[in-house]
Every structure is written in structure tokens, then in C-alpha cells.
Amino acid sequence: MNEELLRLDHLSIDYKVKDGYLSAVNDVSCVVNKGEVFAIVGESGCGKSTVAHSVMNLLPDGNEEIKGKIIFKGEDLRRYGPKEMENIRGKEIGMIFQNPLDSLNPVYTVGGQVAEAILLDKVDKQEAWNRVINLFKDVKMPDAEERANSFPHELSGGMRQRVMIAMMLSRNPELLIADEPTTALDVTIEAQILDIMKELKEKFNTAIMLITHNFGLVAEIADRIGIMYAGEMVESGDVFEIFAAPTHPYTRLLMEALPRKTKAEGRLKTIEGSVPRITKKKPGCRFANRCPYALTNCYCEDPPVVHVSENHFCRCHLTGKEA
Ligand SMILES: Nc1ncnc2c1ncn2[C@@H]1O[C@H](COP(=O)(O)OP(=O)(O)OP(=O)(O)O)[C@@H](O)[C@H]1O
């Protein structure tokens with residue numbers, strides 16, 4: 001039986017911009033269950049990071065208007081003040097970003113920074129350091145002890161990401177939000193970081209909200225997937241079901257754009273056009289102008305949420321109406 005950990009309930013986020021507002025997230029609802037990997041996929045600018053940052057209450061202050069609920073373990077995080085959120089961040093919800101250098105302090109050793117997180121648990125210094133070394137071993141850091149005494153700039157990108165994962169593990173959160181965690185890494189290191197995340201899920205039953213534009217990563221690790229387009233979740237469901245039968249035209253085009261294994265399977269396709277900046281909300285499907293199947297009503301009526309199966313929905317006028 002799935003046990004709900006995080007639920008986004010009709011979440012909408014507008015950024016205030018010069019010409020009014022920008023609808024970065026619109027009416028997004030989804031659930032991350034305990035111990036599962038839920039991947040949010042979409043092109044750049046679809047609102048994935050905005051969703052991730054909103055859960056951690058890390059959106060740029062005063063620049064956004066949020067509607068809807070962010071329910072974590074039954075409580076709406078939007079009601080929490082900065083102090084309460086500080087307790088949640090790190091301890092209950094951890095986060096790793098694309099560029100670990102942004103999160104590491106350049107003037108302290110990486111081991112010292114992880115120890116600092118452990119010391120919050122009121123353990124003595126030696127005990128904290130021993131735990132740092134063990135965590136570095138858990139994340140397969142080569143020469144753990146030597147590396148723990150290094151400064152961030154002395155480590156490779158993959159090693160820095162391991163430090164971030166070790167730091168996150170030190171708090172043992174129930175939910176990890178991983179925002180493009182391997183985008184800046186080469187494929188070998190990406191595979192290693194992926195293995196560490198898989199282990200996390202299995203060993204510690206950590207739920208992961210994985211933000212990515214990489215379907216390869218999704219296929220490797222995700223249980224369920226939500227596809228975002230221009231701020232909206234257009235399709236969501238079990239990863240096998242969606243890979244076997246993608247329903248939304250955007251999902252299908254994204255999958256067709258995946259690199260092929262052999263030349264005979266054809267060249268990499270791209271989706272014509274780009275993700276629109278929505279500065280005026282009006283009825284209609286946000287994908288209509290790029291959709292090869294768009295009908296007249298797609299341009300002027302909001303698409304309905306159609307359930308393809310119990311746990312698989314698609315937001316499209318055409319779902320269930322294909323010939
Ligand atoms: N602080 C901000 N102020 C104004 N607009 C913003 C801000 N942050 C993001 N946006 C805009 O909101 C939209 C969604 O951005 P977001 O970064 O969430 O998308 P994304 O899918 O994560 O893209 P990427 O993969 O490139 O990070 C984009 O149009 C972006 O330009």
C-alpha cells in the first residue's frame with residue numbers, strides 16, 4: 001500500500017516580472033509516496049525547478065505569488081514560518097542541486113561542512129568526524145579521509161556531488177529533492193551518482209523527487225513520472241505505463257526526441273518551437289501551437305484531466321478520442 005509523503009495540491013506560482021507576471025507553475029497536483037522515486041520531466045523553462053524550490057520554501061523572496069497547498073506528512077508547509085521550515089530543510093527534506101559548488105562554502109573543508117551538519121545532532125566532535133568518514137565511504141568517495149580534508153575547489157564535480165549527498169544523508173531525510181543532480185557530470189560519473197541514489201532508496205527508503213530533462217535517468221531510477229509543459233503537469237503515471245504508451249502529444253514528442261541506439265532508427269528529432277512564457281492566462285492548451293494534432297478547441301478551451309488508468313492521467317482534449 002502506498003503511503004503519501006508529499007502532495008502538491010493545485011499548486012500555482014506566478015513570478016512578478018516587469019511586464020506583469022509570469023505563470024511558471026499552473027494548477028499542478030501530484031503525490032510522492034514514501035520510498036518511491038517520482039521524476040518531474042520537461043524541457044528547460046517548464047517550471048520544474050520552481051516546483052522543487054517551492055517545496056523547500058527557497059523561491060526568491062517577494063518575487064512570487066503562490067496558490068495551492070504543499071502537504072508534507074499531512075501538514076501544509078505553506079503555513080510554516082522560516083524557523084519551522086529551517087527544521088524541515090535538511091532534517092526531513094534534503095536537496096541536491098545541479099551545481100554543488102553553489103551550496104558548498106569555499107573556505108571550509110568539505111568534511112568540516114558535513115561534520116557541521118552532524119553536530120546539529122549534539123554529538124561530540126570525534127563522533128561527528130567518524131560519521132563523516134563513514135558517510136564518505138557510503139557515497140563511495142575515493143580516499144575518503146584525505147578527501148574529507150580537502151576544500152571544495154580541490155575536488156571534481158562528481159566528488160562534490162558525493163559530498164552533497166553525504167551531507168544530505170547525515171540528516172537522513174525522508175524526502176530528497178534532486179534538481180538535475182547529474183546534468184553537469186560526465187556519463188561515467190552520472191552512472192555512479194545514479195547508483196548511489198538507487199542505494200539510498202533501497203537502504204534508507206528515501207523518497208526522491210527527481211527533477212530532470214533526461215529520460216535515460218528516469219528509465220533507470222523512477223517509479224512514477226510527471227511530465228511538465230509550460231508550467232502545467234500534462235501527464236503523470238507509472239513509469240512503465242508511460243514509457244509503453246505515452247498519451248499526451250508532448251510526451252510522445254519528447255520520447256521521439258530521445259537519442260536512438262542505431263542510425264537505422266533515425267536521427268534525433270527535436271520538437272519545433274520553444275516553451276512559451278505565459279504572461280497572460282487564457283483558456284486553451286498551452287501546448288496547442290506546437291502540437292501536430294491541435295484542433296480548434298485546443299486553442300480556446302482548457303483541456304480536461306482524463307484518467308487513462310487509475311494512476312495515469314493526461315491533460316489533453318484528444319485523450320480517449322484517437323481513431
Ligand atoms: N526568479 C524568477 N523570476 C522571474 N521568472 C523566473 C524566475 N525563476 C524562473 N523564472 C521563469 O519561470 C519559468 C520556469 O522556470 P524554471 O527554472 O522553474 O524551469 P525549469 O523547467 O526548471 O527550467 P531549467 O531546466 O532550465 O532550470 C521560466 O520561464 C523562467 O524563465
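What covers the buried residues of α3? Among the elements doing that job are α4 (125–138), α5 (144–148) and α6 (157–171). That's one corner of a predicted model, and here's a quick tour of the rest. The chain splits into domain 1 (4–92 + 175–272) and domain 2 (102–172). There's also a ligand, with 15 residues around it.

**The two domains**

- Taken over C-alpha atoms, the centres of domain 1 and domain 2 sit 26 Å apart.
- Where the two touch, domain 1 puts in 11 residues and domain 2 puts in 10 residues.
- On the domain 1 side of that contact, helix α7 (residues 187–204) brings the largest share, with 5 residues.
- That side of domain 1 breaks down into 8 nonpolar residues, 2 polar and 1 charged.

**Helix α3**

- Helix α3 covers residues 110–119, and it's mostly tucked away, with 7 of its 10 residues buried.
- The buried ones are V110, G111, Q113, V114, A115, A117 and I118.
- A bit of background helps when you look at that list: an α-helix has 3.6 residues a turn, so residues three or four places apart point the same way.

**Around the ligand**

- Of the residues surrounding the ligand, the closest are Y15, A24, S44, S49 and T50.
- Three elements, β1 (4–17), β2 and α1 (48–55), each chip in at least two residues of the shell.
- The biggest giver is α1, which supplies 3 residues.
- By type, the shell is a mix: 6 nonpolar, 7 polar and 2 charged.

**The antiparallel sheet**

- Four strands line up as an open sheet in the order β2-β1-β4-β5, and their pairing is antiparallel.
- The edges belong to β2 (20–33) and β5 (75–76); each has a single partner strand, so one side of each has no neighbour in the sheet.
- Strand β4 (residues 64–72) pairs with β5 over 2 bridges, in the antiparallel sense.
- As a landmark there, look for I71, which stands opposite D76 in β5.

**Strand β7 and its partners**

- How many of the residues of strand β7 (residues 175–179) are buried? The count is 5 of 5.
- In general, side chains in a regular strand alternate between the two faces of the sheet.
- In β7, L175, I177 and D179 lie on one side, L176 and A178 lie on the other, and both faces are covered.
- Strand β6 (residues 93–96) pairs with β7 in the parallel sense, over 4 bridges.
- In that pairing, I93 is found opposite L175.
- The residues of β6 are buried too: I93 and M95 point one way, while G94 and I96 point the other.
- Strand β8 (residues 207–212) is another parallel partner of β7, this time over 5 bridges.
- I177 has M209 in β8 as its bridge partner.
- Put β7, α7 and β8 together and you get a right-handed β-α-β unit.

**A few residues to look up**

- V187 belongs to helix α7. Buried or exposed? V187 is exposed, because just 9 other C-beta atoms lie within 10 Å and a residue counts as exposed at 12 or fewer.
- V187 and E4 are well separated by both counts: 183 residues in sequence and 33 Å in space, C-alpha to C-alpha.
- N172 isn't a glycine, yet it has a positive phi of about 50°.
- You'll find N172 in the loop between α6 and β7.
- N172 is partly exposed, since it has 13 other C-beta atoms within 10 Å, which falls between the exposed limit of 12 or fewer and the buried limit of 20 or more.
- N205 also has a positive phi without being a glycine, and its value is about 55°.
- N205 sits in the loop between α7 and β8.
- N205 counts as exposed, because it has 11 other C-beta atoms within 10 Å.

Terms used. Residues are numbered from 1 along each chain as its sequence is written. This is a predicted model: local features need pLDDT of at least 70, side-chain atom pairs count only at pLDDT 80 or more; totals for chains, interfaces and linings use all residues. Two residues are in contact if their C-beta atoms, placed from the backbone, lie within 7 Å. Two strands pair if DSSP finds at least two bridges between them. A residue is near a molecule or strand if its C-beta atom, placed from the backbone, lies within 6 Å of it. Ala, Val, Leu, Ile, Met, Phe, Trp, Tyr, Cys and Pro count as nonpolar, Asp, Glu, Lys and Arg as charged, and the others, Gly among them, as polar. Domain bounds come from an automatic or database domain assignment. A crossover is right-handed if, with the strands pointing away from the viewer, the path from the first strand over the helix to the second runs clockwise.
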